[in-house]
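These notebook entries record what I looked up in one structure. I began with a pair of packed helices and then turned to single residues.

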Amino acid sequence: MEPTTVLVVMGSRSDLPAMEGCMEQLKAFEIPYEVRILSAHRTPDAVLDLSKNAAKNGVKVIIAAAGGAAHLAGVLASSTILPVIGIPMQTSALGGMDSLLSTVQMPSGVPVATVAIGKAGAKNAAILAAQILALSDAKIAQTLQNFKDTQKETVLAGSYLEEA
Ligand code: RP5
């Protein structure tokens, strides 16, 4: 079994549909990951246990997704020196602004690198995790460069909407 490099944690199974793109992107980059569903409020001890043991279990970056009073990323960040990327989940009550503010507004000394609300954030979290890993992994760096080049070519190929 390959060692887990990225640990993806989400607060509820209901976050899974929004999070699929994160795992798809990690898979496309061939980065080994593990997914856990744990809640900062419903299972606080298990969340702390996970973050305290992450580094010694081979994790290099943690991605955490939660919605509403979204404390998951912050609680994970409280007990590890690994970089933590937070994804605020869209919510029906407040559109994800609640998740965004509770993920991003960390107190001084405990950062959470917060990406966009919902699906765009889920994909970007995977890319950001890859960018962190690429600092010490030439293969991932090359994969990322290829990804960027392809993305650019795809956009340029469709850039002419109409010609008079
Ligand atoms: C958060 O509460 C979860 O991350 C989820 O986004 C939200 C709702 O969870 P469920 O009530 O659907 O389990 O903890």
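**Entry 1: the first helix pair.** I noted at the outset that this is a predicted model. I looked up the handedness of the crossing between α1 and α5, and it is right-handed. By class, I counted 8 nonpolar, 2 polar and 2 charged residues in the contact of α1 with α5. I then asked which residues of the two helices meet. On the α1 side I listed Pro17, Ala18, Met19, Gly21, Cys22, Gln25 and Leu26, and on the α5 side Lys119, Ala122, Lys123, Ala126 and Ile127.

Two packed helices are described by the angle between their axes and the distance between those axes. For α1 (residues 16–28) and α5 (residues 119–134), I found that the axes come within 7 Å and cross at roughly 25°. An angle under 35 degrees counts as roughly parallel, and α1 and α5 are therefore roughly parallel to each other.

**Entry 2: the second helix pair.** I next looked up how α5 packs with α6. Their axes are 8 Å apart and the angle is about 135°. That makes α5 oblique to α6. The crossing of α5 and α6 is left-handed. From α5, I recorded Lys123, Ile127, Ala130, Gln131, Leu133 and Ala134 as meeting Ile140, Ala141, Leu144 and Phe147 of α6. The residues of this contact divide into 8 nonpolar, 1 polar and 1 charged. I noted that Lys123 and Ile127 of α5 appear in the contact with α1 and also in the contact with α6.

**Entry 3: the buried face of α4.** Which residues of α4 (residues 97–104) are buried? I found Asp98, Ser99 and Thr103 to be buried. Seen down the axis of α4, the buried residues fall within an arc of 120°, so they line one face of the helix. I then looked up what covers them, and the cover includes β3 (61–66), α3 (72–78), β4 (84–88) and β5 (113–114).

I examined Ser99 of α4 further. Its relative accessibility is 0%, so Ser99 counts as buried. Leaving aside neighbours within four places in sequence, Ser99 is in contact with Ala66, Gly67, Gly68, Ala70, Pro88, Met89 and Thr91.

**Entry 4: Gly96.** I placed Gly96 in the loop between β4 and α4. Is Gly96 buried or exposed? I found a relative accessible area of 0%, so Gly96 is buried. Not counting residues up to four places away in sequence, Gly96 touches Pro88, Met89, Gln90, Thr91 and Ile117. I also looked up a distance: the C-alpha atoms of Gly96 and Gly67 are separated by 6.9 Å, and the two residues are 29 residues apart along the chain.

**Entry 5: Gln151.** Gln151 lies in α6 (residues 138–157). Its relative accessible area is 39%, so I entered Gln151 as partly exposed. The C-alpha atoms of Gln151 and Met89 are separated by 25 Å, with the residues 62 apart along the chain.

**Entry 6: Glu30.** My last entry concerns a backbone angle. Most residues other than glycine have a negative phi. I found that phi of Glu30 is near 60°, a positive value in a residue other than glycine. Where does Glu30 lie? I located Glu30 in the loop between α1 and β2 (33–37). At 60% relative accessibility, Glu30 counts as exposed.

Definitions and conventions:
Residues numbered from 1 in each chain as written. Predicted model: local features only at pLDDT ≥ 70, side-chain atom pairs only at ≥ 80, totals over all residues. Heavy atoms only, no water. Axes fitted to C-alpha atoms, helices over the stretch in contact; angles between N-to-C directions. Helix = DSSP H or I, 4+ residues; strand = E, 2+ residues; numbered from the N terminus. Parallel < 35°, antiparallel > 145°, perpendicular 65-115°, else oblique. Left-handed = near helix turned anticlockwise from the far one by under 90°. Contact = heavy atoms within 4.5 Å. Nonpolar A, V, L, I, M, F, W, Y, C, P; charged D, E, K, R; others polar. Buried < 20%, exposed > 50% of the residue type's maximum accessible area, 1.4 Å probe, protein only. Arc of directions from axis to C-beta.
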